[in-house]
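Biologist: Please take a close look at one part of this model, a sheet together with the helices that pack on it, and describe how the pieces are arranged.

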Amino acid sequence: MRIRAPWTQHVAAFVACLMLLNTALPAASARAQEPAQAGQQRVLVERVDIDGNRRLRDEDILYHIQTREGDVYNEAQIQRDYQALLNLPFFDKTKVRVSVSDGPRGGKIVIFTVEELPVIRELTFKGLKSVGEADVLKEFREQRVGIAREQTYDPVKVNNARRVIKELLAQHGHPNATITPDTEEVSATSISLTFNVDEGDRVRVVDIEFEGNQHFSDGELRGAMKLVKEAGLMSRFRGQDILHLEKLDYDLRKNVVDYMRSKGYLEARTGEPQVEGLGPKRTGFPILPLPIISSTDEGLRVTIPVTEGKLYRLGEIKIEGNSIYSEELIRQVIGLKPGEIANGQRIGKAVYEDLKNLYGRSGFIQYEPDISPEFKPNPQNPNEGIADFTITINEGKQFTLRRLEFIGNTYTRDNVLRREVAVNEGDIFDRQLWEFSVLKLNQLGFFDPIDKEKDAELRPDEEKGEVDINLRVSERGRNQIAFNGGLSGIGGSFFGLDYSTNNLLGRGESLSFQFAFGNRQKSILFSFTEPYVKDRPISVGFSLYTQSQKFFGEGTFLSQNQSAINGAFGDLTSFLTTDEQNLFTQKTLGGSVYATSPLSEFWRPRTRRYVEIARASRIGLSYAFSRSSIEEPPVNAQNNPNTFIPQVFTQPDISTSRVTPSFVYDTRNGTIDPTQGSQLAASIAAAGLLGDVRTIEPTLSFINFRPVRRKRSQHPEVFGFRIVAGHVRSWGLTSKISEAQNSSLAFINGVPIYERFFLGDEFTIRGYNVRSISPIAPLDVFVTSRNVSVSGTPSGALVAVDGLPAGLQQQLVALGTFTGPTGSNVVQIDRQFRFLGGDTQLLGNFEYRIPIFGPVALAAFADIGSAFNLTTGSDQTFSTSFLADQPFLTPRGGLNGLIKSRYPQLAYLQSNGGLLTQGDRLITQEEFTALTRVGPLDPITGLPFGVQPVFLRGEAQSNTVARISQSLFSKIGDYRSSLGLELRIQMPVINVPFRFIYAINPNAQSTLVEEKKRVFRFSIGRTF
């Protein structure tokens, strides 16, 4: 039991405490600066040390540590410092430690122990063949792997590097590659890092199959794939037969699905592809198992599940958010109407590309659309659906170009670049003009290809509505040869001289010089080949050529230039003496460089047979560039209507850039009339890099000679033959080629007409005329007219027709507004036929050569071949420029004459080409005859009273449709053959034979062409 003290005791105790405090106060004041009692004293950090570092200084490491000498010891801060060291890329994270010990003054000593990662002094790759080291290092930089020389070695980064290398090799057909990193100590702080690569066997896709597709065939879906294809000769050279998973995913997700959706299957999708190995398969061109074009590789089969879904038709399209452009215009851009099959690909292209370009032309660079589809059943057809679309447009703000800067042009002046830019600073930023400007800059050839997206940095200021552009360019080497011009198929009469030597000054160099001069044609060609470079059998050479052709333009007959008209349509003397100021000029300039080397320089086989093949074979590579331009007549610069010559067809400048790898196996015992041996030549000419023309042209030829009689004599009887196969096609269409195809037949489906195949001459099929064996396409000519007006006079200024009702006037304008080859008002004015060449040729030449005496020999020959279209080309339309219908349509009676040709029942005045009206309608010829017979006639006009002539005036162009799909002689079976005898006289100086040829053509044609059954001609040279 606790006994409480009385309150008096408490008071006494309190007074005693006050007395003691008063006594202790002076002593406490004297010790005011001394530390607190031992239990309440703070612990300080006496020292912070770094242990284990060799390369890095203590100060550099302590910079990242917050704990300092003299600070109050804080365990939480020590842990934060420890974590900071772990985050640094200099140390092995498993070896970083922190320890704390008592100091001599009662404080703490903090020691951070580290182990530095070594520096990579050497970085090498062993066994890497399919991918270059530069490509690997570039990928390291782009993916920020952190592996490079003078970087710290980190095992985690090395694993990432292994992954990147493996992905690169998989993209090049080696998915089973193994990569083993190996390190070797160079010093205490540095190592050398080596990636040992075993690429393994190459793997190619040999079979692509689809499962679940009912409306689409496997071939259709495979054809929609652009990036991954089954193994073949073309896919081999394009690298499309490699299983690149990202490309395959894009192909399926984009190309295949878009193709199905373009056919109305909007819910179509593909599943996860299944890949299985098929073992070793021969791929490429298996008929001729030659290196490069054929090989035995591990084969893969890719099976792709497909879900097609329903076929959808277009329902309602709602447009929201638009204010700049009307809903009607946007619907025109989309181009689809309700009830049509819902073309999802077209809708996407219209909204995300066409409308974006439309808004971009007006400076709305932040245009953003959104498409919301709504699918519902079709009550009229349960197997189909209806798709409604709501298109919401966020137009953004209109921008002007404030400043344009070029970055990287250290040699080229700014003004050279700026004059190619069609958008000026301060103008509304037109995206289409900007893209065109990038195209023009690329065409200069001064820089590496400029990417309009990657190389242009757009910095918009939304508040001011302005945009700055920094365009990055990378200049090419200055010490280059640039060629301007091109190659033309224009011919004409001329005289010339060809000179060549293959042993110039006894050094084995080849030189060729050709020139030709005619009345309006000039051409010069120079080529040179050095067969040995630095005493090695590597042959290099170049060629240069230029041509100039002057000609009368199609618009000559439309001009008032009497001198030009007389020259074009007068007698021969007028033709030859016409002032050249009245002629158009086509100029060409081009050149090529090439190099060939024996295969043995790169391939050293072990067996003797293959050694012989390697020595007899040469591989080569050539690059050719050409450019063509057409200039208007110099008289047009005078701006004189009496001499001006209209330009009916416009032709842009066209450039062609072509790379041609080649392979030649040659065992012939001579180049002039060999008696034995063979030659196998293969090449693939690919045009596209830095040029407008994009074609690929594989060619294969085989020549063989074998002695038949008197084999051991110096001049045996020899049987020889040549087989030639070639194909050409376009793999892309640039804007310039599209423009050219819209104005002429210089290009057929993207292929220059001079590159298409024509047979017939003494060098192909000897009994036929030059370039006479070819598909022949009908050309249907139509008329398009615009800005049509009604006049009371057939020519001169427009004169209003008194009292003409508005309804009749509208009817007349509608009748005179022709819509070309399609539309509601079509009029065809002509049908022609044109040799267009084939995209494929097969040619066989066979001859039996019999020496007679000395330089004279007789040869019996048989030639057979066909120039045909392997792929069915689409019809092609090209048009003239719009010109005034008078005099453009004068030969056909103007617009009135065309109306009469379409509606022959209408009354028509032959004297002046007028259509006749009465009241509010046109009258027929029968009605006019009746009115004339009944009378009376107006004495002024000579027409019945109330009848008046009207004349339609406006602008017109001709539209020519080349019906390529209806071409005659376009099949492989439309071959020609020729049999005959040839007398050859070998000339000793020029080393070419004079030839007298007699040929019989057993299958000569008489449809559209007049091919002769028997031909006798003289020629110089050899067929093969």
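Modeller: Two strands are taken to pair if DSSP finds at least two bridges between them. On that basis, and bearing in mind that this is a predicted model, three strands form an open sheet in the order S11-S13-S12, with mixed pairing. The edges are held by strand S11, residues 311–320, and strand S12, residues 368–377, each of which pairs on one side only. From one strand to the next, the twist averages 20°.

Between S12 and strand S13, which spans residues 384–394, there are ten bridges, and these two strands run antiparallel. Within this part of the sheet, Glu 368 stands opposite Asn 394 of S13. As a general point, the strands of a sheet pair through backbone hydrogen bonds, in either a parallel or an antiparallel manner.

Two helices can be placed against this sheet. Helix H10, residues 344–360, lies across S11, S12 and S13, and runs at about 155° to S12. Helix H9, residues 327–334, also packs on the sheet, touching S11 and S13, and its direction makes about 150° with that of S11.

The side chains of H9 can be sorted by their exposure, where buried means under 20% relative accessible area and exposed means over 50%. The buried residues of H9 are Ile 330, Val 333 and Ile 334. Seen down the axis of H9, these buried residues fall within an arc of 100°, so they line one face of the helix. Their cover includes S11, H10 and S13, so that strands of the sheet and the neighbouring helix named above both contribute to it. On the other side of H9, Glu 328 and Gln 332 are exposed. The residue that follows H9 is Gly 335, and its phi is positive, near 75°.

To set this part in the context of the whole, the protein chain has 20 helices and 41 strands in its secondary structure. Of its 1024 residues, 41% count as buried. Among the contacts in the protein chain with a separation of 6 or more, 66% are accounted for by residues 24 or more positions apart. The accessible surface of the protein chain comes to about 55800 Å², and carbon and sulfur atoms make up 53% of that surface.

Definitions and conventions:
Residues numbered from 1 in each chain as written. Predicted model: local features only at pLDDT ≥ 70, side-chain atom pairs only at ≥ 80, totals over all residues. Heavy atoms only, no water. Helix = DSSP H or I, 4+ residues; strand = E, 2+ residues; numbered from the N terminus. Axes fitted to C-alpha atoms, helices over the stretch in contact; angles between N-to-C directions. Contact = heavy atoms within 4.5 Å. Buried < 20%, exposed > 50% of the residue type's maximum accessible area, 1.4 Å probe, protein only. Areas by Shrake-Rupley, 256 points an atom, 1.4 Å probe, with all protein chains shown as cover. Arc of directions from axis to C-beta.
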